[in-house]
Amino acid sequence: MISRRDALKTASVATAALAAGAPQLLAADSPEPFKLPPLPYAFDALEPHFDARTMEIHHDRHHAAYVANLNKAVAGRPDLAKMSAEDLIQRLDQLPEAVRTAVRNNGGGHVNHTLFWFQLKKNEGGRPVGAVAGAVTKKFGGFDAFKEAFSKAAMGVFGSGWAWLSTDPQGELMIEALPNQDCPVMTGHRPLLGLDVWEHAYYLKHLNKRADFVAAFWNVIDWEAVDGRYKAARG
Ligand code: MN
């Protein structure tokens, strides 16, 4: 367990590192009280691929709960509350043990869902664009091979979790499957594209058929947003 003094030192080190380092991933990320960013489109904007009722419950209830519980976790801890959610989950091992799990789950939930909403747009089978398009082809041998590998990772998540297209610390593309609300930034990776495969993301429409939801996902990816994240991650 770290002392308050160490925690304050950590926070100021973190602030200095951020000032010099990569830009924040999330335009919507702000310190406590953390806020639920409004969905940047209507609930039914992704129909028929992602249904309006699931979008509404997923955003207004599930994501809202992560935000509320993150605020509870940092309440009364001004040294933590002044950090962004992204900063907090990148420094889990430096946080007081008493809040670490709550920040991991709810800070992760807040960051992951914010990344999720801001990478969705109806594309009707569109393909990657920009620099990330070439990188996907180079790394995976083509978009179809990437789709297959990413879908396999999403199907392979046991229980609740996410599949991610990320960059590793060298800036190379990678696919990773992470449990619960773990986020690629927790291990120094940069998330470009995430698929939430918790049952709450698909059960209303697809019941237990995760494969149908994974197939639908390819019709609602905002590849320009993914390319923007790729460029930011590569600095
Ligand atoms: Mn979710």
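# A tour from Pro48 to the metal site and beyond

Begin by selecting Pro48, which lies in the loop between helix 1 (4–20) and helix 2. Helices (H or I, at least four residues) and strands (E, at least two) are DSSP runs here, numbered from the N terminus. The peptide bond leading from Glu47 into Pro48 is cis, with omega near 0 degrees.

The model is predicted, and local features need pLDDT of at least 70, side-chain atom pairs count only at pLDDT 80 or more, and totals for chains, interfaces and linings use all residues. Residues are numbered from 1 along each chain as its sequence is written, and side-chain values use heavy atoms, with hydrogens and water left out.

**The whole chain**

Display the full chain as a cartoon. It holds 10 helices and 3 strands, which run α-α-α-α-α-α-α-β-β-β-α-α-α from the N terminus on. Of the 235 residues, 51% are buried; buried means under 20% relative accessible area, exposed over 50%, and partly exposed in between (1.4 Å probe, protein chains only). Among contacts (heavy atoms within 4.5 Å) between residues at least 6 apart in sequence, 71% join residues at least 24 apart.

**Helix 2**

Next select residues 52–74, which form helix 2. The end C-alpha atoms of its 23 residues are 32 Å apart, which agrees with the 33 Å that they should span at 1.5 Å a residue; the expected span is 1.5 Å times one less than the number of residues. The helix bends by about 30 degrees at His58, the bend at a residue being the angle between axes fitted to the seven residues ending there and the seven starting there. After helix 2 comes Gly76, with a positive phi near 75 degrees.

Arg53 also belongs to helix 2. Its relative accessible area is 45%, so it counts as partly exposed. Leaving out residues up to four places away in sequence, Arg53 touches Arg61 and Leu204. Lys205 is 152 residues from Arg53 in sequence, yet their C-alpha atoms are 8.8 Å apart.

**The manganese ion**

Select the manganese ion and show its donors. These are His58 (NE2), His113 (NE2), Asp196 (OD) and His200 (NE2), at 1.9 to 2.1 Å. Donors are N, O and S atoms within 2.8 Å of the metal (3.2 Å for Na, K and Ca); water is not among the atoms, so sites may look incomplete. Along the sequence, the donor residues follow the spacing H-x54-H-x82-D-x3-H. His58 in helix 2 and His113 in helix 5 are 55 residues apart and link distant parts of the chain. Both His58 and His113 are buried.

**Helix 5 and the nonpolar core**

From His113, extend the selection to the whole of helix 5 (residues 97–117). Its 21 residues reach 30 Å from first C-alpha to last, close to the 30 Å expected at 1.5 Å a residue. A kink of about 35 degrees is centred on Val103.

Val103 leads into the largest nonpolar core, which has 60 residues; Phe50, Leu88, Val103, Leu120, Phe146, Leu195 and Phe217 touch the most other members. Helix 5 gives the most to this core, with 6 residues. Such a core is a set of buried Ala, Val, Leu, Ile, Met, Phe, Trp, Tyr and Cys residues joined through side-chain atoms within 4.5 Å. Centre the view on Phe146: beyond four places in sequence, its contacts are Val136, Phe140, Leu165, Ile175, Leu193, Trp218 and Trp223.

**The hairpin**

Now select strand 1 (residues 161–167) and strand 2 (residues 173–179), which run antiparallel and are joined by 7 bridges. Two strands pair if DSSP finds at least two bridges between them. Trp164 has Glu176 in strand 2 as its bridge partner. Between the strands of this hairpin are 5 residues, and Gly171 takes a positive phi near 90 degrees. In the loop between strand 2 and strand 3 (190–196), stop at Asn180, which has a positive phi of about 55 degrees although it is not a glycine.

**Last stops**

Select Met155 in helix 7 (residues 143–156). Outside its neighbours within four places in sequence, Met155 is in contact with Arg210, Ala211 and Val214. Finish at Leu207, in the loop between helix 8 (203–206) and helix 9 (210–217). Leu207 is not a glycine, but it has a positive phi of about 50 degrees. It is partly exposed, because its relative accessible area is 45%.
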